[in-house]
Number of protein chains: 2
Amino acid sequence: LSIEVHPILGVGAVSPGDDVASVLLPGLESLEPTDGDVIVVTHKIVSKAEGAMREVVGDEEEFKRLLVEAEAAAVIRRRGDLVIAETRHGFICANAGVDRSNASPGTMILLPDDPDRSAHRIRRRLERAFDCRLVVIISDTFGRPWRHGLTDIAIGLSGMAAILDLRGTTDWMGHELEVTEVAVADELTGAADLVMGKASGIPAALIRGYAAPPGEGRARDLVRPPGEDLFR
Amino acid sequence: LSIEVHPILGVGAVSPGDDVASVLLPGLESLEPTDGDVIVVTHKIVSKAEGAMREVVGDEEEFKRLLVEAEAAAVIRRRGDLVIAETRHGFICANAGVDRSNASPGTMILLPDDPDRSAHRIRRRLERAFDCRLVVIISDTFGRPWRHGLTDIAIGLSGMAAILDLRGTTDWMGHELEVTEVAVADELTGAADLVMGKASGIPAALIRGYAAPPGEGRARDLVRPPGEDLFR
């Protein structure tokens, strides 16, 4: 009934063309992955491995502004330098996912092209390496309306349903639950962030003991359809 | 470096006037609380203990509608039966926190009057009982704009800073971090939800091994000031 969250240590620098599963292997081996383990990987190393980066040309601030506009499918809000944009994946976040933290000097990191597909590929390789069923989540750090501070959420997913669907179940008093769809993939991702740490350079974590809802979910299932959304 | 998340078992039904710390004691004893443990408690049992409930009078749906209006400091959005409201605490959530799940028959549960104060009281009692420094978080389940599904977040807090403030720190490449204020209290609360479960009636969890940012924070620190908020 308890769960454990372990940092995956020993992951070195990642370059374009690297295989993300391979760079995780040394750190994972000491954790002895087993059926049902959830592996959360920051998108930063996935983007680097996939070459989803841009070399800065000219003035860095101006370059970043142009890159954000290029990456944005739609601008949702703008205030001063802050741009809240919808990405082509449907995610809504600051700067359309363009980020300098943990980027190589003179580069900026973008979101992976298809983070669900990236997660699936990493999962298949790790499942082969360790001969067990795994879940892989790719994370990013997003702000929230109304709430101060940022949290890590799932932008890519393979091996579980993104949502724990309790519709039709009852509470322990026999009432039908009002809270019925729990974004457990995001809760797992936030839990992983507690051991990863943005300053420490630990880019991945393993969560053990959580019985993930079965299914072939995608992080895109976590995007609320615009027609249902009251805050665009 | 790793953390553990344990459900707190054996918590029975809670009635007005009960002491929340006392009902947690039997389940906590077997976990042997130690310095730095984080205890997350669903607000449902705190509200019940504090009498933050209303007996339904007349038609249940109509009563709920009136109660939501009474609990709302401001209505942010409305669509059909769905009301997104700001509570007097500053939280923005569906139905101003009025909920029937896990309520006693014929009653509805409200948010605690001052969840930070409730957290502080529970913490003081548990610290005395176990002679160690603890963190206490009171949780509720909120929806998010843009993202499908709900997650548990902190609505009351005592014994830590709500936000991990990384402003001025650098990433492992030496860049100043762009993501600087992490809402770790919310990430802890979501992690706890993974072992609590809304259908199972487990109302509390203990997180061990997390070095919480020191400070006397409050969950109200997690409310984004309206003037900074682009989505009201």
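What follows is a chat about a predicted model with chains A and B.

Q: Before we start, what sort of model is this, and what are the ground rules?
A: It's a predicted model, where local features need pLDDT of at least 70, side-chain atom pairs count only at pLDDT 80 or more, and totals for chains, interfaces and linings use all residues. Residues are numbered from 1 along each chain as its sequence is written, chains are lettered from A and ligands numbered from 1 in the order in which they are written, and side-chain values use heavy atoms, with hydrogens and water left out.

Q: Cool. How does chain A relate to chain B?
A: A turn of 180 degrees and a shift of 0.0 Å along the axis lay chain A on chain B with an RMSD of 0.0 Å. That is the relation of a two-fold axis. The superposition is by least squares on the C-alpha atoms of residues with pLDDT of at least 70 in both copies.

Q: And which surface do the copies meet through?
A: The same one, because 100% of the interface residues of chain A are also interface residues in chain B.

Q: What does strand 1 of chain A pair with in chain B?
A: With strand 1 (residues 3-7) of chain B, in the antiparallel sense over three bridges. Glu4(A) has Glu4(B) as its bridge partner there. Strands and helices here are DSSP runs numbered from the N terminus (strands E, at least two residues; helices H or I, at least four), and two strands pair if DSSP finds at least two bridges between them.

Q: What about a partner within chain A?
A: Strand 12 (residues 204-208) of chain A pairs with strand 1 of chain A, antiparallel over four bridges. Val5(A) is matched with Ile207(A) in that strand 12.

Q: Is strand 1 of chain A enclosed or open?
A: Largely enclosed by the rest of the structure, because four of its five residues (3-7) are buried. Buried means under 20% relative accessible area, exposed over 50%, and partly exposed in between, with a 1.4 Å probe and protein chains only.

Q: Switching to helices: which residues are buried in helix 1 of chain B?
A: In that helix (residues 20-29) they are Val20(B), Ala21(B), Val23(B), Leu24(B), Gly27(B) and Leu28(B). They sit on the same side of helix 1 of chain B, because they cover an arc of only 160 degrees around the axis. The arc is that of the directions from the helix axis to the C-beta atoms.

Q: What covers them?
A: The cover includes strand 2 (38-42), helix 2 (43-50), helix 4 (115-130) and strand 12 (204-208) of chain B.

Q: And helix 2 in chain A, how many of its residues are buried?
A: Seven of the eight (residues 43-50), so helix 2 of chain A is mostly covered. Lys44(A) and Lys48(A) are among the buried ones. Just after the helix, Gly51(A) takes a positive phi of about 75 degrees.

Q: How many aromatic pairs are there?
A: Four over all chains. One of them is Phe91(B) with Phe142(B), ring centres 6.3 Å apart and planes at 75 degrees, so it is edge-to-face. Rings of Phe, Tyr and Trp (its six-membered ring) pair if their centres lie within 6.5 Å, with planes under 30 degrees apart counted as stacked, over 60 as edge-to-face and the rest as tilted. Phe91(B) and Phe142(B) are 51 residues apart, and both are buried.

Q: Which other pair is edge-to-face?
A: Trp146(B) and Phe231(B), at 4.8 Å centre to centre with 80 degrees between the planes. This pair ties together parts 85 residues apart in sequence, because Trp146(B) lies in the loop between strand 8 and strand 9 (151-158) of chain B and Phe231(B) in the segment after strand 12 of chain B.

Q: What does Ile76(A) touch?
A: Ile84(A), Ala85(A), Glu86(A), Ile92(A) and Phe231(B), leaving out residues up to four places away in sequence. Contact means heavy atoms within 4.5 Å. Ile76(A) lies in strand 4 of chain A and is buried at 16% relative accessible area.

Q: Which strand does strand 4 of chain A pair with?
A: Strand 5 (residues 82-87) of chain A, antiparallel over six bridges. The two form a hairpin with two residues between them, and Gly80(A) in the turn has a positive phi of about 60 degrees.

Q: Last one: is Arg147(A) buried or exposed?
A: Buried, at 8% relative accessibility. Arg147(A) is in the loop between strand 8 (135-142) and strand 9 (151-158) of chain A, and its contacts beyond four places in sequence include Phe91(B), Asp186(B) and Arg224(B).
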